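Good morning, everyone, and thank you for making time for this. I would like to walk slowly through one structure with you, so please keep it open in front of you while I talk.

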Amino acid sequence: MAEIKAVKVLDTTLRDGEQTPGVSLTPEQKLQIAKQLDVLGVDIIEAGTAVISEGEQRAIKAIANEGLRAEICSFARLLTGDIDAAIKCDVDTVNLVAPVSDNHIKKKLKMDRETLKARTIEMADYVKEHGLNVEISSEDASRADMAFLKSFFSDLSTVVDRLCFCDTVGVLYPERTREIFQALCRCGALPHDPASWAPPTSPKTLKGFTVRAFNTPVSVHCHNDFGLATANTITAVSAGATVVHVTVNGLGERAGNASLEEVVTALELLYGVKTAIVKEKLYETSRLVRNLTKMPLAPNKPLMGDNAFTHESGMHVHGTLADPSLYEPIDPGLIGRKRRFAFGKHTGRASVKMALDEMGIGADEGQTMKIVTKVKELGDKGKLVTDSDFQAIVEDVLSIEKEEKIKLVDLSVVCGKRVYPTASIRLEIDGEDVVEAGVGVGPVDAAINALRKALAGREMNDIRLEEYHVDAITGGTDALVNVIVRISRGDKTITASGVSEDIVIASLYALLNGVNRLYR
């Protein structure tokens with residue numbers, strides 16, 4: 001699409017994203033994420049809320065002094081104590097939150113509109129006196145009186161560096177978003193008419209709307225309570241917003257915030273709006289944040305979910321192999337992803353032939369269809385058909401005898417209330433007897449660490465555990481446990497499973513199944 005304009009990206013994963021229930025990052029983890037965000041090309045990193053704790057201040061200060069390209073800011077209330085804490089962290093900008101709906105002004109702040117406005121200007125001046133930039137986040141703006149909000153923005157526009165409209169409880173919808181941002185930004189250009197879409201820098205009439213000078217950048221900050229955060233953010237940009245507030249993986253309170261990956265990819269590829277984001281780094285950034293926050297993604301999450309570029313249906317696989325654009329909106333490589341083909345009841349001949357070719361295994365038509373039938377039979381039983389399951393089916397149908405490279409001979413685990421979990425493992429690796437021990441935060445972690453040590457120094461020591469998932473197959477405390485893992489080596493990834501009444505043994509079975517398949 002024709003280039004329309006550019007927007008800046010403010011990432012608030014380390015502030016609003018960390019407010020996700022169950023998420024708490026150490027200063028070291030926050031710095032690690034900030035460095036990745038900088039590599040990604042984020043323009044502004046909201047590193048946290050300095051006044052929260054000493055640990056938060058250490059994290060923000062470390063990020064501010066890391067020499068990153070991005071502008072670093074701290075969130076603060078309209079209190080000198082909050083601002084002083086931010087200033088001590090050496091940040092570039094203070095993001096002052098100013099509640100603007102009458103409910104917030106009266107019930108939370110217990111003041112009136114004019115007092116709020118005066119207080120906001122006073123605190124903004126206080127920040128500016130210390131040589132820092134100021135952004136005003138107008139909290140609950142989507143439920144504020146529009147006449148007051150416009151006067152609030154107008155009065156602050158000569159004092160601050162950015163003005164942010166916050167849809168704090170996610171009640172905006174695109175049509176209303178357009179109306180509001182056209183009024184606030186005084187821009188009437190329409191997204192479907194890129195040829196006449198101009199930034200609001202000079203008086204001009206477009207499609208019946210009047211564009212007037214409004215030099216203070218307007219930001220948009222959307223929550224996802226109705227699933228409209230991405231749509232509202234994009235609509236705000238189409239109506240004049242020049243900065244988007246987002247989080248990696250859409251993290252945030254309740255239903256989360258607008259997703260960085262979705263907003264950036266849609267703006268660039270669907271609307272022609274440029275950002276500084278290196279899109280090829282999106283997936284590795286998503287994975288890093290997912291691992292450090294321990295917040296899993298839904299498999300069908302747009303762009304970043306495991307299923308986003310995975311195909312099982314025989315018709316879809318056949319079409320994708322002929323031309324990927326038939327069943328994919330974009331090349332997955334654009335955002336650092338790879339295409340996957342899964343096995344299940346919908347698997348067809350094309351999937352099996354492709355997988356056999358990748359494995360370097362030849363099969364005639366009858367054998368191929370027998371493999372397809374067995375895969376479908378497993379799928380009909382409601383079973384997830386992993387890559388190791390598929391390989392086992394192939395070996396069975398083609399009568400291929402494969403000796404396991406690694407065999408589990410014995411395992412013992414000790415854990416308790418006052419005992420550090422310890423595991424001892426005995427393996428047979430290429431006929432060699434190998435014994436190792438490991439400790440961990442629990443028996444499973446200890447056993448996996450023992451396995452890692454046993455493999456260290458060998459050709460298979462570069463295995464990465466990408467995903468670990470546990471399901472109870474039956475009920476009760478003696479339930480059968482199915483552990484599913486995704487492991488990778490280099491650019492090859494494989495899924496495997498293990499079943500046992502003992503979760504530790506099931507975990508090792510799953511890992512060993514995967515490792516043995518990776519090295520065939």
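Let me begin with a question: is the crossing in which H12 passes H13 left-handed or right-handed? Please turn the picture until both helices are in view. H12 passes H13 in a right-handed crossing, and before I go further I should say that what you are looking at is a predicted model. Helix H12 covers residues 349-359 and helix H13 covers residues 365-380, and their axes come within 9 Å and cross at roughly 110°. Angles from 65 to 115 degrees count as roughly perpendicular, and H12 and H13 are therefore roughly perpendicular to each other. On the H12 side, the residues that meet H13 are Arg-349, Val-352, Lys-353 and Leu-356, while H13 brings Glu-365, Thr-368, Met-369, Ile-371 and Val-372. Sorted by character, the residues of this contact of H12 with H13 are five nonpolar, one polar and three charged.

H12 has a contact with helix H14 as well, which spans residues 387-397; here the axes come within 12 Å and cross at roughly 85°. That makes H12 roughly perpendicular to H14. The contact is formed by Val-352, Ala-355, Leu-356 and Met-359 from H12, together with Phe-390, Gln-391 and Val-394 from H14. In this contact of H12 with H14 there are six nonpolar residues, one polar residue and no charged ones.

How far can we trust the prediction? The chain averages a pLDDT of 86, and 90% of the residues score at least 70. Over residues 187-213, however, the pLDDT is below 50, although this stretch has 50 contacts in the model beyond near neighbours in sequence. Where pLDDT is low, the predicted coordinates should not be read in detail.

Now let us go towards the start of the chain, to the barrel. Eight strands form a closed barrel in the order E1-E2-E3-E4-E5-E6-E9-E10, and their pairing is parallel. If you ignore direction, neighbouring strands of this sheet are turned against each other by 25° on average. Strand E1, residues 8-11, runs parallel to strand E10, residues 243-246, and four bridges join them. As one landmark there, look for Leu-10, which stands opposite His-245 in E10. Helix H6, residues 146-156, packs on this sheet and touches strands E4, E5, E6 and E9, with its direction at about 155° to that of E6. Helix H8, residues 229-238, packs on the sheet too, touching E6, E9 and E10, and its direction makes about 170° with that of E9.

Two further helices deserve a look. Helix H1, residues 27-40, and helix H2, residues 54-64, pack at an angle of about 30°, with their axes 9 Å apart. Angles under 35 degrees count as roughly parallel, and H1 and H2 are therefore roughly parallel to each other. The crossing of H1 and H2 is right-handed. H1 contributes Pro-27, Lys-30, Leu-31 and Ala-34 to the contact, and H2 contributes Gly-55, Glu-56, Arg-58, Ala-59, Ala-62 and Ile-63.

Let me turn to strands that run the other way to their partners. Strand E13, residues 406-416, and strand E14, residues 419-429, are antiparallel and joined by nine bridges. A hairpin through two residues joins E13 to E14, and the bridge partner of Gly-416 is Val-419 in E14. E14 also pairs with strand E15, residues 432-439, in the antiparallel sense over eight bridges, where Arg-426 stands opposite Val-435 in E15. The hairpin of E14 and E15 has two residues between the strands, and in it Asp-430 takes a positive phi near 50°.

Finally, which strands make up the open sheet, and in what order? There are three, in the order E16-E17-E18, with antiparallel pairing. Strands E16 and E18 stand at the edges, each with a single partner strand, so one side of each is left without a neighbour in the sheet. From one strand to the next, the twist averages 15°. Eight bridges join E16 to the antiparallel strand E17, residues 481-489, and the bridge partner of Arg-464 is Ser-488 in E17. Helix H16, residues 503-518, packs on this sheet and touches E16, E17 and E18, its direction making about 145° with that of E18. Thank you for listening.

Terms used: Residues are numbered from 1 along each chain as its sequence is written. This is a predicted model: local features need pLDDT of at least 70, side-chain atom pairs count only at pLDDT 80 or more; totals for chains, interfaces and linings use all residues. Side-chain values use heavy atoms; hydrogens and water are left out. Axes are lines fitted to C-alpha atoms, for helices over the stretch in contact, and angles run from 0 to 180 degrees between N-to-C directions. Angles under 35 degrees count as roughly parallel, over 145 as roughly antiparallel, 65 to 115 as roughly perpendicular and the rest as oblique. A crossing is left-handed if the near helix is turned anticlockwise from the far one by less than a right angle, and right-handed if clockwise. Contact means heavy atoms within 4.5 Å. Ala, Val, Leu, Ile, Met, Phe, Trp, Tyr, Cys and Pro count as nonpolar, Asp, Glu, Lys and Arg as charged, and the others, Gly among them, as polar. pLDDT is the predictor's confidence in each residue, from 0 to 100. Two strands pair if DSSP finds at least two bridges between them.
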